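Here are a few quick notes to go with the picture, in case they help you find your way around. Have a look first, then read on.

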Amino acid sequence: MTAVGIDAIEIWTGNLKLDLPGTFAPEKGEDPEKYTKGLGLNASSFPDSYEDIVTMGANASHRLMERKGLEPDGIGRIDVATESSFDNSKPVSTYVAGCLEGVFEGDFHHANKGERKFACIAGTQSLDDAYNWIRADRNRGRSALVIATDTALYARGDAGEATQGAGAVAMLISENPDLVELSTEQGYGSADETDFLKPNQQFPSVDGKRSVQVYLARMREALTDYESVAGDVHPDDIAFIPFHTPFPGMVRKAGLLGYRHITRDTTIEDDLADEIGRQPRREAFDDDEAFRDSVREYMDLLKGTDRYKAWYDATIDPTLTLSREVGNWYTGSVHIARVSALKNALEAGRDMAGETILVGSYGSGAQAEIHAETVQDGWTDEIEALNVDDQLADRYDLSWADYEEVHDVHNHEMDVDVEEFTTPDGEFVFDGWGRMGERKYRYVE
Ligand code: CAA
């Protein structure tokens, strides 16, 4: 069977940055370590006044198409995943295509365009759609462009404010990909949940603490479902596990839960038994509460073992490097976790070709999905081509007063005009409103 997967990937961060320990913590009267150690975040990316989900998505796609030498003819499908959409009818992908048609020869009239919604998991669902389109042999040799783009802003004062972020990830899905091949096996955990939603409102209604529990519950279901088709996952077979990363502290919890699951009934559990005992089994307890207490105790002990720490440092921690600097990008978040892991591997001089990574996506409302990916021979060229470090270093560092202004600029309920903080350079910018309320864009050389 021909391999299908991600051929190339590009990242575009919002051009502004909010320093969490330095700027946000003092204003909130909080210990900076709540953010750096607790949530695991150093900074959030923000969009400048001329940036939005279209500009960031189009800019990532532009870079990707230029780098891969692509013309519109080579792309048969454009899907945008976002939970920051501003139109209930016209999809963001049409705006992105319009932007790209301004800088490339040809057009995207032949391309099927759409917009995917299921909170943060929509980016992975769009990958799925592209994969299925190619597998069904409907692509006529062409690739799909998948764009995950969000301005993940919370209402001022919401507990989620510390986890905000803004950026886009563009991915090219093709046959014989250069970066990773996607597995046909998938696992799902999906349930009707009320943890995080935006009922026709810009900023989310969030039950933060519950959302953490829902994430873990759905992820556990997805893993069990994945194993029912792919066989048991063993820690030694997996190089990295990029998870959806609303903030790194969330992934710390998911990693621990996952490790307990995948080491059960293995020699690793036996090896650890002298130090921390064996994992509690439900049948040994009279009731659920006693079982849960015992699991909690085991997890606390497991977390402190050298074996677990070494696994976490090798398999999970490298997926979090970018997220720490940019915050939550909703639909793009799991995809920057994948890049982060591969970037760390490249910098460490590690040969990843043929290695397996397990990808854990999640969207509130709620659904988790797990699939495997096999790293392809071309991965080093793809990761080397990224300029994400430069982009992060070039962000304008917001003062508290700047931050308050910028949040207002992007608040749909407010009509605020501020000077831009950065000067656009070789990128698409928002250029005002059209006669039917449409957003207009132009390319700045
Ligand atoms: N030093 C070190 N650690 C500290 C600390 C300090 N001084 N102060 C606090 N901490 C730790 C806390 O112990 C806690 O860690 P644990 O959970 O491991 O105990 C962590 O820092 C966060 O502290 P709080 O729980 O007190 O933080 P909070 O209540 O202000 O906010 C939150 C946490 C509820 C998750 C909030 O950030 C939120 O609502 N976020 C938005 C929702 C979200 O991201 N949920 C994640 C799952 S849903 C999802 O994934 C979809 C999505 O993208 C939104």
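1. Start with the pairing of β2 and β3, keeping in mind that this is a predicted model. Strand β2 covers residues 16–19, and strand β3 covers residues 43–46. The two run antiparallel to each other, joined by four bridges. To find the spot, look for Asp19, which sits opposite Ala43 of β3.

2. β2 also pairs with β13, a strand made of residues 396–397. This pairing is parallel and has two bridges. Here Leu16 is the residue to look for, as it stands opposite Tyr396 in β13.

3. Which side chains of β2 are buried? Leu16 and Leu18, which point to one face. Lys17 and Asp19 point to the other face and are not buried. That fits the usual pattern: side chains in a regular strand alternate between the two faces of the sheet.

4. Zooming out, you'll count 15 helices and 15 strands in the chain. Its radius of gyration is 22 Å, which agrees with the value near 22 Å for a compact globule of 445 residues. Along the principal axes, the C-alpha atoms fill a box of roughly 70 × 55 × 40 Å.

5. As for packing, 57% of the 445 residues count as buried. Among contacts with a separation of 6 or more, 78% come from residues 24 or more positions apart.

6. Last, the surface and the charges. About 18,600 Å² is exposed, with carbon and sulfur atoms supplying 43% of that. The chain carries 43 positive and 85 negative charges, and their mean positions lie 4 Å apart.

Methods
Residues numbered from 1 in each chain as written. Predicted model: local features only at pLDDT ≥ 70, side-chain atom pairs only at ≥ 80, totals over all residues. Heavy atoms only, no water. Buried < 20%, exposed > 50% of the residue type's maximum accessible area, 1.4 Å probe, protein only. Pairing = 2+ DSSP bridges. Rg over C-alpha atoms; globule rule 2.2 N^0.38 Å. Contact = heavy atoms within 4.5 Å. Areas by Shrake-Rupley, 256 points an atom, 1.4 Å probe, with all protein chains shown as cover. Lys, Arg positive; Asp, Glu negative; His and termini not counted. Charge placed at Lys NZ, Arg CZ, Asp CG, Glu CD.
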